[in-house]
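Me: Could you walk me through one strand of this model up close? I'd like to know what sits on either side of it and where its side chains go.

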Amino acid sequence: MTAPLRLTALDEPDLEAISAALQDAVALLGDFEHSRRLRSFTMAFNRFCWEAGRRDRRVRSGVQIGHVTAARSRNIRQGAEDAVVSLLTIRFEPGEMPSGQVVCTFSGGGELRLDVECLDVVLVDLSRPWRAAARPQHDTAEVGESDGDTQTP
């Protein structure tokens with residue numbers, strides 16, 4: 001069994017590590033909370049334990065993004081607390097440094113954009129891992145087809 005993850009991102013390379021750990025994490029929209037008073041955005045996910053190698057495990061994880069000044073979403077059903085989303089990536093788009101946007105991209109074209117004064121993201125595993133029903137699979141046959149690029153073996 002691997003140790004629970006506790007990661008902090010204060011720069012883009014740190015956020016790439018958190019994004020990799022959260023790839024294919026699933027969540028209910030009811031597990032997302034924007035606190036204007038605390039200037040934070042909190043999400044709870046069931047993330048696939050990619051770091052565990054071939055063992056198919058998931059773990060409950062919490063993510064908190066600090067210094068949030070605004071939150072916007074696109075193609076995400078507002079008010080549908082029982083809707084399930086699958087996270088693909090989290091990235092930082094710099095603005096006038098150190099501010100910018102934390103962008104969460106979900107399967108199906110959903111996107112969450114958080115305006116932040118600075119990059120401050122924390123990921124913490126909250127439970128013991130459990131056996132996943134299946135290992136996430138991605139169809140890579142379409143990669144590069146839309147822009148004319150070709151895949152190389």
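**A close look at β10**

Reply: Let's start with a pairing: L123 of β10 is the bridge partner of L7. Before going on, this is a predicted model, so local features need pLDDT of at least 70 and side-chain atom pairs count only at pLDDT 80 or more, while totals for chains, interfaces and linings use all residues. Numbering starts from 1 along each chain as its sequence is written, and side-chain values use heavy atoms, leaving out hydrogens and water.

Back to the strand. β10 covers residues 121-125, in a chain with 1 helix and 11 strands (DSSP runs numbered from the N terminus: helices are H or I of at least four residues, strands E of at least two). On one side, β1 (residues 6-9) runs antiparallel to β10 through 4 bridges; strands pair if DSSP finds at least two bridges between them. β5 is also antiparallel to β10, with 5 bridges, and V63 stands opposite L123 there.

Now the side chains. V121, L123 and D125 point to one face and are buried, whereas V122 and V124 point to the other and are not. Buried means under 20% relative accessible area, exposed over 50%, and partly exposed in between (1.4 Å probe, protein chains only). That pattern fits a general habit: in a regular strand, side chains alternate between the two faces of the sheet.

D125 deserves its own stop. Its relative accessible area is 8%, so D125 counts as buried. The D125 side chain makes a polar contact of 2.6 Å with the side chain of S61 and another of 2.9 Å with that of R47 (N or O atoms within 3.5 Å; within protein, one must be able to donate a hydrogen and the other to accept it, and residues adjacent in sequence count only if both atoms are side-chain atoms). Beyond its neighbours within four places in sequence, D125 is in contact with P4, L5, R6, R47, V59, R60 and S61, contact meaning heavy atoms within 4.5 Å.

Zooming out, the largest nonpolar core has 32 residues, and L22, F32, M43, F45, I65 and F106 have the most contacts inside it. Such a core is a set of buried Ala, Val, Leu, Ile, Met, Phe, Trp, Tyr and Cys residues joined through side-chain atoms within 4.5 Å. β10 is one of the elements that give two or more residues to this core, and β5 is another.
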